[in-house]
Amino acid sequence: MAIAAAAAVAALSTGMPAQVAPGKAFPSLGEAGLVGGPLPGTAGKVVLVDFWASWCAPCKASFPAYSRLQSAYADRGLVVVAVSVDDDASAFAAFVARLKPSFATVHDPGHKLVGVVRVPTMPTSYLVDRSGKVRFMHPGFHGEQTERELRSEIESLLDEKSAAP
Amino acid sequence: MRSLRRKLSLLAALGAAGVLLGGCSTASAVRVHPWERAALADAAMNPDRDPEGTAMTEHVYFSREAASGGRGVGGSGCGCN
């Protein structure tokens, strides 16, 4: 009982929301205060949300893969949104200017969105289905393996019928 | 009346234990979250950013101490590596 009480006290003391995981609704991107670029429409779409930073080497390696996914599946309803968690907005802008990604890149100033999502590592990507629910989560980016898994998962989500009438 | 007092004191003791254990838990400790590691990811934080310099320093150190393998080698530090 004392241990249960301690756990409750510890949970209250952190005051942090639970980590977003498969099965949970992904927070609204439109209300997250994201800046740095236009946010594409995501209603009724399959959305790949990636959290990245300019100081994160695997994040840099992941961008060409996300560009390939965007070009392969955009026509069928995939939207890729890459959310930068850089402290410095100029680092975000320089990274985007250097890599010139074909998908949407936005900046999360003050870590408002990532503080709610609470990614377990950098980078982490979330595949959100047409109804806005997280279906798959990829902590880290492991090159071809991650891209192969994402392709398979994206195709399965795109094949699902839209929840919207 | 005595039973009630005992129950209250037990409850107070459990509450105090909970607060103490909660303070000891890692959840209440300061943590650097994955998205806050920009400074830690800086090249200046890498102690081996000059591999040649590190190799030379180690060569001098281990020659002087006559004990090579004291750094970066697997083992438990028991001197039996």
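Student: Which residues point one way from β4(A), and which the other way?

Tutor: A:T124, A:Y126 and A:V128 point one way from β4(A), A:S125 and A:L127 the other way, and all of them are buried. Buried means 20 or more other C-beta atoms within 10 Å of the residue's own, exposed means 12 or fewer, and partly exposed is in between, with C-beta atoms placed from the backbone. Helices (H or I, at least four residues) and strands (E, at least two) are DSSP runs numbered from the N terminus.

Student: What kind of model is this, and how are things numbered?

Tutor: This is a predicted model, in which local features need pLDDT of at least 70 and side-chain atom pairs count only at pLDDT 80 or more, while totals for chains, interfaces and linings use all residues. Residues are numbered from 1 along each chain as its sequence is written, and chains are lettered from A and ligands numbered from 1 in the order in which they are written.

Student: Back to β4(A). How many of its residues are buried?

Tutor: The strand is mostly covered, with 5 of its 5 residues buried. The alternation fits a general rule: in a regular strand the side chains alternate between the two faces of the sheet.

Student: What is the strand order of the sheet?

Tutor: In chain A it is β3-β2-β1-β4-β5, an open sheet of 5 strands with mixed pairing. Two strands pair if DSSP finds at least two bridges between them. The edge strands are β3 and β5 (134-139) of chain A, each of which pairs on one side only. On average, neighbouring strands of this sheet are turned by 20° against each other, direction ignored. Axes here are lines fitted to C-alpha atoms, for helices over the stretch in contact, and angles run from 0 to 180 degrees between N-to-C directions.

Student: In which sense do β1 of chain A and β4(A) pair?

Tutor: Antiparallel, over 5 bridges, with β1 covering residues 46-52. A:F51 stands opposite A:T124 in β4(A), and the partner of A:V47 is A:V128.

Student: And what is the bridge partner of A:V128 in β5(A)?

Tutor: A:V134. Elsewhere between these two strands, A:L127 is bridged to A:F136 of β5(A). β4(A) and β5(A) also pair in the antiparallel sense over 5 bridges. They form a hairpin with 5 residues between them, and A:G132 in the turn has a positive phi of about 90°.

Student: Which strands does helix α5 of chain A touch?

Tutor: First α2 of chain A, residues 57-73: it lies across β1 and β2 (78-84) of chain A and runs at about 160° to β2(A). Helix α5 of chain A, residues 144-159, packs on the sheet and touches β1, β2, β4 and β5 of chain A, its direction making about 175° with that of β5(A). Two residues are in contact if their C-beta atoms, placed from the backbone, lie within 7 Å.

Student: What share of the contacts in chain A is between residues 24 or more positions apart?

Tutor: 73%, taken over contacts with a separation of 6 or more. Chain A has 5 helices and 5 strands, and buried residues make up 35% of its 165 residues.

Student: New topic, backbone oddities. Which peptide bond is cis?

Tutor: The bond from A:M122 to A:P123, with omega near -10°. A:P123 sits in the loop between α4 (112-117) and β4 (124-128) of chain A. A:R118 lies in the loop between α4 and β4 of chain A, and its phi is near 55°, positive in a residue other than glycine. A:H111 also has a positive phi, about 55°, although it is not a glycine. For context, most residues other than glycine have a negative phi, and most peptide bonds are trans.

Student: How many other C-beta atoms are within 10 Å of A:H111?

Tutor: A:H111 has 15, so it counts as partly exposed. A:R118 is partly exposed too, with 16.

Student: And chain B, how many helices and strands are there?

Tutor: Chain B has 2 helices and 0 strands, and buried residues make up 4% of its 81 residues.

Student: Why does α2(B) count as lying largely in the open?

Tutor: Because the number buried among its 15 residues is 0. This helix covers residues 51-65 of chain B, and its end C-alpha atoms are 21 Å apart, which agrees with the 21 Å it should span at 1.5 Å a residue. The expected span is 1.5 Å times one less than the number of residues. B:A66 follows α2(B) and has a positive phi, near 55°.

Student: How far apart are B:H33 and B:L8 in space?

Tutor: 40 Å, C-alpha to C-alpha, with 25 residues of separation in sequence. B:H33 lies in the loop between α1 (2-24) and α2 of chain B.
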